[in-house]
Number of protein chains: 2
Amino acid sequence: MDQNSLPPIQTSARDDAVLKALVGFVRAEALQPGERLPTERILAERLKVSRNTVREALTRWEGLGLVERRQGSGTYLKAAVSHDMLHMPLTLAGGNDFTSLMQTMEIRRALEAEAAALCAERASQADIAEIARKLDIMEQAFRTRDGMSSEEDWEFHQAIYRASGNPLFEQIIAAMYELFHRFWEHPLGVRDFGHASFPYHRTIYERIAARDPQGARAEALKLIATVEDDLKRGAAKLKLSSQT
Amino acid sequence: MDQNSLPPIQTSARDDAVLKALVGFVRAEALQPGERLPTERILAERLKVSRNTVREALTRWEGLGLVERRQGSGTYLKAAVSHDMLHMPLTLAGGNDFTSLMQTMEIRRALEAEAAALCAERASQADIAEIARKLDIMEQAFRTRDGMSSEEDWEFHQAIYRASGNPLFEQIIAAMYELFHRFWEHPLGVRDFGHASFPYHRTIYERIAARDPQGARAEALKLIATVEDDLKRGAAKLKLSSQT
DNA sequence: GTGCAGAAATTGGTTGGACCATTGGACCAC
DNA sequence: GTGGTCCAATGGTCCAACCAATTTCTGCAC
C-alpha cells in the first residue's frame, strides 16, 4: 500500500489554519509587500481564535521572512505570499574557518557558473545594459577606493543572477548572501582580499554581451578560482603565524 | 554620511535571549539530536520569562527545523545547534507549470554537476561502495517495478551529495527535496517519466569510481538533460491536449 | 509475578485578560 | 514651521487557567 494514501490526520492545526486564512486574506485584498496587515487583535477576533494563536502563526511567518512586525505600528507584509509556497528553512553551521569558507565557495561556484551561462543565453539588451552599468559603478569604486567593494561587487553579481531568467538563482543566492559575505567581513587577514578577482568581472560581462554561455561560465569559474586562491593564501598565512 | 554609522538600536529581544540561553544549555548538556529539551514550564521558570515568551522562541526554532514539539511528550532536538548558525529561510513561489519545473531543474543541474565532480575527486572507497549499493538497490527496483522509483533514486543521489565532501550540498538539496520531487508527483502526465535517465545513474557511478571529475560532471549533465527532455515532452503534450 | 485496563500525572496547545513599551498622529505653545 | 506634550493604537510580555495528547503509574484479575 502506498504510504501516502493514508496521511496522518491533522487533529490540531490552529495556527496553520490561521496562516491559510491569512493567505486568503492577502489574496482577496491584493496586498502588496510593504502594506500593513490587520492588527493581531482584529485577526484574533475575526478568526475566532485567541490572540496568542495569531501571534504564534505570525511568528512563523516572521521567521520565514514573509512579514515584519513593528511594535506600536503594526505588522507589514515583506514578500508576496501564495498558497503553494515552498519553505526551505536551511540552517547551516557557521564558522569562519578555512574549511567552512571553502565549502561556501564550492556552492557559489556551482550556482555562479550556471547563472552566468544562462545569462549569456537569455539576457535581454536591457539586462545587459544594466549589468554594464553595475560593472562601471563597481570599477569606479575599485579605482577610487583602491580595493574591492563588497557592496558594488554584490550588486554586479546580483544583476547577473536577475538576468539569468530564473528567479530561483537570485532568491537562493540572496538567501545565502550572509554566508557568502563572511569573506569580506573576515577575510582571514588577507590584505587586498578579492583584488585578483577584479578583472574577471569585466571579462564575464564581455562573454555575456557576446552571447557566449561557455565563455561566460569559464570566466565565472576563473573569478571564483581567484577568490579560492586568496582564501588558501590566508589559510597558509594563518598556519604560519599562529598555532591554536 | 555613511548610512551604517548609525544603525538602529536594539531595544528588546526577549525571545532571542531565550534562544541564546537555549543554545548555551544544549552545549552545556551536550544534547544530541533526538534528545528531549526541558519542558516549556521549566524553561519559563528557570529563565524568568513567561511561558508565552518561551513558546514564541521555540516556535521560531520549530520553523527552522531545529526542534520538534510533540504534545503530551515534550520538545525534542532535531538538529545540532550552535551559536554561529546561519539561517536561510527561503520561500519559493510554487507551481507545477512547465516554467517552474524547468527553473527547478536548472538549479539542480548546477548543484548536481558540481557535486558529482567533487565526489569523483574526493570520495573515499567506503563512499564509493555505498554509492554502488544504492545504485544496485535502485536498479533492482527499476527492474522489478519497471519504472523509476522516486525513493531509491533519491537515495542514490543523496549518497553522491554526501560523498562530495561538502555537507552544504546535502543540506541545500535536502531542503529542496520537496521542490525537486514535485516531478514525480505531477509529471505533467508523461508516462514513464524519468525512464530515460536510468542508464546515466550507472555511468555517473562509473565515472566517480574511475576518479574522473569531468566525466562525472558530463554524465550528471546528461542525466538532467533527459529529465528536462521528459519535461518538454510533457509540456508539448499538454499544449496539444488542452488550452486553458 | 504478569498483563492489562484505567486513573493520574506530564506536557504541549489554546484561551482570555491584563499590563507594558513603542509608535505615530493630534494638538498646542512659541 | 519647531518643538513639546498628550493620547490612542499596536506589538511584546505576563499570568492563570483549561484542553488534548501522551506517558507513567496503579491496582486488579489471572
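**Figure 1. Protein residues around DNA strand C in the predicted model.** The surroundings of DNA strand C hold 25 residues. Those that come nearest are A:Arg14, A:Thr53, A:Gln71, B:Arg51 and B:Arg55. Both chains therefore appear in this list of nearest residues. Now look at the DNA side. Of the atoms of DNA strand C within 4 Å of the protein, 59% belong to sugar and phosphate. The residues of this surface sort into 14 polar, 10 charged and one nonpolar.

**Figure 2. Polar atoms of the protein beside DNA strand C.** Three pairs of atoms are shown in this view. At A:Thr53, a polar side-chain atom sits 2.5 Å from a phosphate oxygen of the strand. At B:Glu40, the partner is again a phosphate oxygen, but the protein atom is a backbone N or O, at 3.0 Å. B:Arg41 reaches a base instead: a polar atom of its side chain lies 2.9 Å from a base nitrogen of DNA strand C.

**Figure 3. Helices and strands that supply the surface near DNA strand C.** Elements from both chains take part. Chain A offers helix H3 (51–63). Chain B offers helix H2 (40–47), helix H3 (51–63), strand S1 (67–70) and strand S2 (74–77). Each of these elements supplies at least two residues. Which element gives the most to this surface? H3(A) does, with three residues.

**Figure 4. The two protein chains, laid one on the other.** A turn of 180 degrees, with a shift of 0.0 Å along the axis, lays chain A on chain B. The RMSD is 0.1 Å. The two copies are thus related as by a two-fold rotation axis. In chain A, the C-alpha nearest this axis belongs to A:Pro89, at 2.1 Å. Both copies use the same surface: 100% of the contact residues of chain A recur in chain B.

**Figure 5. The largest nonpolar core.** This core has 37 residues. Which of them touch the most other members? They are A:Leu111, A:Met176, B:Leu111 and B:Met176. Take B:Leu111 as an example. Neighbours within four places in sequence are left out here. B:Leu111 then contacts A:Ala110 and A:Leu111 in chain A. In chain B, B:Leu111 contacts B:Phe169, B:Ile172 and B:Ile173.

**Figure 6. Two residues with a positive phi.** Most residues other than glycine have a negative phi. A:Arg211 has a positive phi, near 60 degrees. A:Arg211 sits in the loop between helix H10 (198–209) and helix H11 (213–241) of chain A. Is A:Arg211 buried or exposed? A:Arg211 is partly exposed, because its relative accessible area is 35%, between the 20% and 50% cut-offs. B:Ala30 is not a glycine either, yet its phi is positive, about 55 degrees. B:Ala30 lies in the loop between helix H1 (14–29) and H2 of chain B. B:Ala30 is partly exposed too, with a relative accessible area of 47%.

**Figure 7. The fold of chain A.** Chain A contains 11 helices and three strands. Start at the N terminus and follow the order: α-α-α-β-β-β-α-α-α-α-α-α-α-α. Chain A has 244 residues, and 48% of them are buried. Which share of the contacts with a separation of 6 or more joins residues 24 or more positions apart? In chain A, that share is 71%.

Technical notes. Residues are numbered from 1 along each chain as its sequence is written. Chains are lettered from A and ligands numbered from 1 in the order in which they are written. This is a predicted model: local features need pLDDT of at least 70, side-chain atom pairs count only at pLDDT 80 or more; totals for chains, interfaces and linings use all residues. Side-chain values use heavy atoms; hydrogens and water are left out. A nonpolar core is a set of buried Ala, Val, Leu, Ile, Met, Phe, Trp, Tyr and Cys residues joined through side-chain atoms within 4.5 Å. Buried means under 20% relative accessible area, exposed over 50%, partly exposed in between (1.4 Å probe, protein chains only). Contact means heavy atoms within 4.5 Å. Copies are superposed by least squares on the C-alpha atoms of residues with pLDDT of at least 70 in both. A residue is near a molecule or strand if one of its heavy atoms lies within 4 Å of it. A polar contact is a pair of N or O atoms within 3.5 Å; within protein, one must be able to donate a hydrogen and the other to accept it, and residues adjacent in sequence count only if both atoms are side-chain atoms. Helices (H or I, at least four residues) and strands (E, at least two) are DSSP runs, numbered from the N terminus. Ala, Val, Leu, Ile, Met, Phe, Trp, Tyr, Cys and Pro count as nonpolar, Asp, Glu, Lys and Arg as charged, and the others, Gly among them, as polar.
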